[in-house]
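Visitor: I would like to go through this model with you, one question at a time. Please show it first.

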Amino acid sequence: MKKFGLFLIGATASIILLSQIGPMLGLVISAAILYFAFKQYTKATSTSGKIGWGTAGVIMLIITASNLPAIIGLAAAYVLYLVYKKWNNKQTIITKKSSDDPFQNFEKQWSELNK
């Protein structure tokens, strides 16, 4: 039953991720161009250069803001990663080490003495 729930969550996350690939690519490309425009704005010495790069930066900021729903796709990718980790999780059995009390470990100590 646990695997079935993980399968449903993973299937939903993968569908959301596939539907958000376009906006995610648009967000990455527009953010990269916005970063480039900001760097060129700070390097520009003339007023016309600053106006031009500032205008380009504002335009790219608007385009980047329009692709913000792609963050849902990033969240879906993270959920898919968590489902994958949980699916392949091997349960480890931790054995409790017994104390050195001779009355609790009598059989173990007796077998060690007989060797």
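Visitor: Is S66 buried, exposed or partly exposed?
Guide: This is a predicted model. S66 lies in helix α3, and its relative accessibility is 49%. Exposed requires over 50% and buried under 20%, so S66 counts as partly exposed.

Visitor: How far apart are the C-alpha atoms of S66 and L27?
Guide: Along the chain, S66 and L27 are 39 residues apart. In space, their C-alpha atoms are separated by 8.3 Å.

Visitor: Is N67 buried or exposed?
Guide: N67 sits in the loop between α3 (47–66) and α4. Its relative accessibility is 15%. The limit for buried is under 20%, so N67 counts as buried.

Visitor: Which residues does N67 touch, not counting those up to four places away in sequence?
Guide: N67 is a loop residue, placed between α3 and α4. Leaving out residues up to four places away in sequence, N67 touches P23, G26, L27 and S30.

Visitor: Is S30 buried or exposed?
Guide: S30 is found in helix α2. Setting aside neighbours within four places in sequence, S30 is in contact with M60, I63, T64 and N67. Its relative accessible area is 3%, and under 20% is the condition for buried, so S30 is buried.

Visitor: Which residues make up the largest nonpolar core?
Guide: This core has six residues in all. Helices α1 (2–19), α2 (21–43) and α4 (70–87) each supply at least two of them. The residues are A13, L17, M24, L27, A70 and A76.

Visitor: Which residues is L17 in contact with, leaving aside neighbours within four places in sequence?
Guide: L17 is one of the residues of the largest nonpolar core, and M24 and A76 are among the others. With its neighbours within four places left aside, L17 is in contact with M24, G73, A76, A77 and L80.

Visitor: Is I72 buried or exposed?
Guide: I72 lies in helix α4. Its C-alpha is 9.2 Å from that of M24, and the two residues are 48 apart in sequence. The relative accessible area of I72 is 52%, and the cut-off is over 50%, so I72 is exposed.

Visitor: Which residues form the nonpolar patch on the surface?
Guide: The largest share of the patch, three residues, comes from α1. One of the patch residues is F7, which is found in helix α1. Together the patch has about 620 Å² of accessible area, and its residues are M1, F4, F7, L8 and W87.

Visitor: Which residues does the UniProt annotation "transmembrane region" cover?
Guide: The annotation comes from an unreviewed UniProt entry and has two ranges. In the model, one range is 97% helix and 0% strand, with its end C-alpha atoms 43 Å apart. The other is 89% helix and 0% strand, with its end C-alpha atoms 39 Å apart. In that order, the ranges are residues 7–38 and 58–84.

Visitor: How many helices and strands does the protein chain have?
Guide: Read along the sequence, the pattern is α-α-α-α-α. Among contacts with a separation of 6 or more, 72% join residues 24 or more positions apart. The count is five helices and zero strands.

Visitor: What percentage of the residues count as buried?
Guide: The protein chain exposes about 9,400 Å², of which carbon and sulfur atoms supply 70%. Of its 115 residues, the share that counts as buried is 17%.

Conventions: Residues numbered from 1 in each chain as written. Predicted model: local features only at pLDDT ≥ 70, side-chain atom pairs only at ≥ 80, totals over all residues. Heavy atoms only, no water. Core = buried A, V, L, I, M, F, W, Y, C linked by side-chain atoms within 4.5 Å. Buried < 20%, exposed > 50% of the residue type's maximum accessible area, 1.4 Å probe, protein only. Helix = DSSP H or I, 4+ residues; strand = E, 2+ residues; numbered from the N terminus. Contact = heavy atoms within 4.5 Å. Areas by Shrake-Rupley, 256 points an atom, 1.4 Å probe, with all protein chains shown as cover. Patch = residues over 30% accessible without salt bridge, like charges linked within 9 Å, V, L, I, M, F, W, Y side chains within 5 Å. Salt bridge = Lys/Arg side-chain N within 4 Å of Asp/Glu carboxyl O. UniProt positions renumbered as here; feature names shortened; annotations may be inferred.
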